[in-house]
Amino acid sequence: MTNLVTDTGVVFSRELRPVLRNPFTVVFSMVQPLIFLGLFAPLLPDELSLQWFVPGIVVMSCLFGTSMTGSNLLFEIQTGSHERMLVTPLRRPALLIGRALKEIVPVVVQAAVIVAICLPFGFELHLGGALLGLVILSVFCLGLGSLSYTLALAAKNQEWLFWTVQQTLLFPLLLLAGMLLPIEAGPGWPQALAKWNPLTYVVDAERALFNGDVWASTTVTGAIAAAVVGAGGLLVGTRAMQRST
Amino acid sequence: MIETHELTRHFKDVQAVRGINLTVKPGELVALLGPNGAGKSTTLRMLTTLIPPTSGTARVAGHDVVRGQREVRHRIGYIGQGNGAAHSQRGRDELISQGRAYGMKVADARRRAAELIDSLDLGEVADRTVSTLSGGQRRRLDIAMGLIHAPALLFLDEPSTGLDPQNRANLQRHIVELRERHGTTIMLTTHYLDEADAMAERVIVIDHGRIIADDTPARLKNEHVGDRIILGFEHETDAAAAASRVPHKSHRYGTELTITVPGAPRLVTGLLDDLRATGLSPADVEVKRATLDDVFLELTGRSLREGGAAQPTLVEV
């Protein structure tokens, strides 16, 4: 017998298959974060250490990869394989949840690659905190991936629409979360906006956790922000998938 | 296998399908024929549970397409207009995950995938990325995807669009074989007349969202058009004389006499002998068999070939 869990498993393993067949694609999709790491980190003022910067880059890598993931679905909508899946008995929510869950895999791999690259340059790894950080980040990515798929389902055959919305939202979210530069250094209005950006809390939590500060209050606020995005994304995405024809 | 009652679908203010009543028995091979925008694909999409009807009902493989959605999905195979296999995946992987989607165990899905790869001649390409396959290979892979769970009822939406003549013939052979071997009920849509003619025992002609004819290709042609013998004479008087002697429905235009009669190729020599016996000898003779396009022209006043295609929807809206 099948149920939502087995259906989700089928979709998840199908999504993961091309990644396993060609693992290099995971590294390939993190070119941009690596460029920021290589070219932006050396420009940082002295008071901002690699220890401060690297967790931001880990989140950025998740943000770039996961926000684009809808384009895979968009392509499958255009070529016809999404339609084929819709005719199978797979439960509609599984079609979304399985896909979104798969996003966690590249996020974890990419975080490991970034940390590995930075270790020789004096980055200090606190494993326990980092792992907890990845859990929070994974929940966030689950929601973000769902939203990206929702956008793909809404855009359908208008590819430009997907990319316009994705690109328009990506950088404000990123900058207003203090991912590249601390938001506290700026004027009041970005700080006010940042308070409404759930990503801000995730980034703050990652910074504390990657430094081994597991008991910081940011861990709780970060986890809450990630849970809100995760649950909200899944809810919106599942509804969109159920309406998909 | 399929039973619809006043099946209707509107898209905003476009009436794509307007009240289709249709019964398909197990083992039938039915072609839905009509120009683009006639409502063929919309009908198919309702029967395969992709879109709900605006009104009316349809039972497919024993279950209602709305209330028994999952049961219907379990029992049917669907090969859409696009590629079922994702371009980023490998063919065999897609076949296995397709089997799993229908609740098959991994080992069973793997075995069944290997069987289909073999029978659809995909051995050399099954382990390559789908995007590197040719159009014909992809189409065969799509067929394999649709057959993974050995459905008793198979829907194909424009299966041969975009294929070259050789691949089309190949595909038609696979479909006909499938039915002969397993007794699969098959419904396909097409706007290729020769395809409907060659494969289906039953052709349902759809235009403006309605069924306008439903019969075997042979009967459709005989009833609505019939074969024609066209005789060309030297003089109009000969043509007129011949017209009065021929015991069939005929129509003269100048020196040309068109005789409409079923089974024209068999009758033509006897007819010519009779005419020669009375001293009427036509200068040239042409026998035209009715085509489904003639049928469509007769029924709608438009030709399928001219892509009388985009017009209908525009006119209707």
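## A helix with a buried face

Which residues of helix α8 (residues 217-224) of chain B are buried? In this predicted model, they are Pro217(B), Leu220(B) and Lys221(B). Looking down the axis of α8(B), you will find these buried residues within an arc of 95 degrees, so they line one face of the helix.

What do the buried residues of α8(B) pack against? Their partners are α7 (193-199), β9 (202-207), β10 (210-215) and α11 (292-300) of chain B. Following α8(B) along the chain brings you to Gly226(B), which has a positive phi, near 80 degrees.

## The sheet built around β1 and β4

Let us turn to a sheet in chain B. Here 4 strands make an open sheet, and their order is β2-β1-β4-β5 (chain B), with antiparallel pairing. At its edges are β2 (14-24) and β5 (63-64) of chain B, each of which pairs on one side only.

Strand β1 (residues 2-11) of chain B is joined to β2(B) by 7 bridges, and the two run antiparallel. To see one of the pairs, start at Ile2(B): its bridge partner in β2(B) is Val24(B). Helix α1 (residues 40-47) of chain B lies across β1, β2 and β4 (55-60) of chain B, and runs at about 120 degrees to β1(B).

## The sheet from β11 to β14

Another open sheet of 4 strands in chain B follows the order β12-β13-β11-β14, again with antiparallel pairing. Why is one side of β12 (249-253) and of β14 (284-288) of chain B left without a neighbour in the sheet? Both stand at the edges and each has a single partner strand, so one side of each has no neighbour there. On average, neighbouring strands of this sheet are turned by 15 degrees against each other, direction ignored.

Between β12(B) and strand β13 (residues 256-260) of chain B there are 5 bridges, and these strands run antiparallel. Arg252(B), for instance, has Leu257(B) as its bridge partner in β13(B). Helix α10 (residues 264-277) of chain B packs on this sheet, where it touches β11 (228-232) and β14 of chain B. The direction of α10(B) makes about 155 degrees with that of β14(B).

## Where the chains meet

How many residues does each chain bring to the contact? Chain B contributes 26 residues and chain A 18 residues. On the side of chain B that touches chain A, α2 (69-75) and α3 (91-101) of chain B each supply at least two residues. The most comes from α3(B), with 4 residues. By type, this side of chain B has 8 nonpolar, 13 polar and 5 charged residues.

Terms used:
Residues are numbered from 1 along each chain as its sequence is written. Chains are lettered from A and ligands numbered from 1 in the order in which they are written. This is a predicted model: local features need pLDDT of at least 70, side-chain atom pairs count only at pLDDT 80 or more; totals for chains, interfaces and linings use all residues. Two residues are in contact if their C-beta atoms, placed from the backbone, lie within 7 Å. Ala, Val, Leu, Ile, Met, Phe, Trp, Tyr, Cys and Pro count as nonpolar, Asp, Glu, Lys and Arg as charged, and the others, Gly among them, as polar. Two strands pair if DSSP finds at least two bridges between them. Axes are lines fitted to C-alpha atoms, for helices over the stretch in contact, and angles run from 0 to 180 degrees between N-to-C directions. A residue is buried if 20 or more other C-beta atoms lie within 10 Å of its own, exposed if 12 or fewer, and partly exposed in between; C-beta atoms are placed from the backbone. The arc is that of the directions from the helix axis to the C-beta atoms.
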